[in-house]
Amino acid sequence: MHPLDPTDLKILLELIRDPRVQIGELSESLGIARNTAQSRMRRLVRSGVLNDGGREVDLEKVGYDVVGFVTLEVTHRELDGVIGALRRIQQVLEVHEISGRGDLLCRVVATDTHNLQTALRAILRIKGVIRTETVLALHTHIPYRTEPLIGRLVETAETKKRKPQQAPEVPPTVDD
């Protein structure tokens, strides 16, 4: 795929903000023709930039191909402030409070190792961060997914629906 231009990037941003946006709304909000919006969307899906029916952005395809998982140890009285500061670092995609070693686990993306180092330095400058440990993801074998879980719920629900309703057991009575 050729490099993404500002219109492509604006389409991606609109889809992130509202994954259910319709082509007509998208073209209107961006000031482009409906056919242009539709053809751009098709091209983004074909190239793999958009996944999951055209609503999930593959960050690797737009240049963020370095993924790190950063464990943070923080001063507990500063936890809320640390989380607020992490929210302002654009490369921080997720933050989870965890048990075990460390207090927070963050997923961070970068365009290259220098960009990652800049993000890590920003994290270390946050008041309340004591130390960090970073692990780089070398390859994603199973991307984030929910289909198997929802599929299992459907199977369970259908199985329960097919079972005949049994009459509740009435406890035996004692005759006098």
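**View 1. Leu86, a buried residue of helix H4.** Leu86 has a relative accessible area of 0%, so it is buried (under 20%; exposed is over 50%, partly exposed lies in between; 1.4 Å probe, protein chains only). The model is predicted: local features need pLDDT of at least 70 and side-chain atom pairs pLDDT 80 or more, while totals for chains, interfaces and linings use all residues. Residues are numbered from 1 along each chain as its sequence is written, and side-chain values use heavy atoms, without hydrogens or water. Leu86 sits in helix H4; helices (H or I, at least four residues) and strands (E, at least two) are DSSP runs numbered from the N terminus. Setting aside neighbours within four places in sequence, Leu86 is in contact (heavy atoms within 4.5 Å) with Leu72, Val92, Val95, Leu104, Cys106, Ile123 and Ile126. One of these partners, Ile126, is 40 residues away along the chain from Leu86, yet their C-alpha atoms are separated by 8.1 Å.

**View 2. The largest nonpolar core, with 20 residues.** A nonpolar core is a set of buried Ala, Val, Leu, Ile, Met, Phe, Trp, Tyr and Cys residues joined through side-chain atoms within 4.5 Å. Leu72, Val82, Leu86, Val108 and Ile123 have the most contacts inside the largest core. Two or more residues each come from strand E3 (66–74), helix H4 (79–87), strand E5 (104–110) and helix H5 (113–124). Apart from this core lies another, of 13 residues, with Leu15, Ile23, Ile32 and Val57 among them. In soluble globular proteins, nonpolar side chains tend to be buried together.

**View 3. Val108 and its contacts.** Which residues is Val108 in contact with, leaving aside its neighbours within four places in sequence? They are Val66, Val67, Gly68, Val70, Gln91, Val92, Leu116, Ala119 and Ile123. Val108 and Ile123 also appear among the residues with the most contacts inside the largest core. Val92 is listed for Leu86 as well.

**View 4. A salt-bridge network of Asp5, Asp8, Arg40 and Arg43.** A salt bridge is a side-chain nitrogen of Lys or Arg within 4 Å of a carboxyl oxygen of Asp or Glu. The count comes to 7 salt bridges. Asp5 and Arg40 meet through their side chains at 2.7 Å, N to O. This pair links distant parts of the chain: Asp5 is in the segment before helix H1 (6–17), and Arg40 is in helix H3, 35 residues apart. Asp5 is partly exposed, at 26% relative accessible area, whereas Arg40 counts as buried at 17%. Asp8 and Arg40 form a salt bridge at 3.0 Å, N to O. Asp8 belongs to helix H1 and Arg40 to helix H3, so this salt bridge ties together parts that are 32 residues apart in sequence. Asp8 counts as buried, at 0% relative accessibility. Side chains of opposite charge can pair when their charged atoms come close.

**View 5. Arg43 beside Asp8.** Arg43 is found in helix H3 (residues 34–46). Is Arg43 buried or exposed? At 18% relative accessibility, Arg43 counts as buried. Its side chain makes a polar contact with the side chain of Asp8 at 3.0 Å. A polar contact is a pair of N or O atoms within 3.5 Å; within protein, one must be able to donate a hydrogen and the other to accept it, and residues adjacent in sequence count only if both atoms are side-chain atoms.

**View 6. Arg17 and Glu14 in helix H1.** The side chains of Arg17 and Glu14 meet in a salt bridge at 3.8 Å, N to O. Arg17 and Glu14 are 3 residues apart in helix H1, so about one helical turn separates them. Arg17 counts as exposed, with 59% relative accessibility.

**View 7. A nonpolar surface patch.** Leu149, Ile150, Leu153 and Val154 make a patch of about 400 Å². Patches take residues with over 30% relative accessible area and no salt bridge; like charges are joined within 9 Å, nonpolar side chains (Val, Leu, Ile, Met, Phe, Trp, Tyr) within 5 Å. Val154 lies in helix H6 (residues 147–162). Val154 is partly exposed, at 42% relative accessible area.

**View 8. The chain as context for the close-ups.** The chain comes to 6 helices and 6 strands. Its pattern along the sequence is α-α-α-β-β-β-α-β-β-α-β-α. Of its 176 residues, 26% count as buried. Among contacts between residues at least 6 apart in sequence, 60% join residues at least 24 apart. The chain exposes about 13300 Å² (Shrake-Rupley method, 1.4 Å probe; for residues, only the protein chains shown count as cover). Carbon and sulfur atoms supply 51% of that area.
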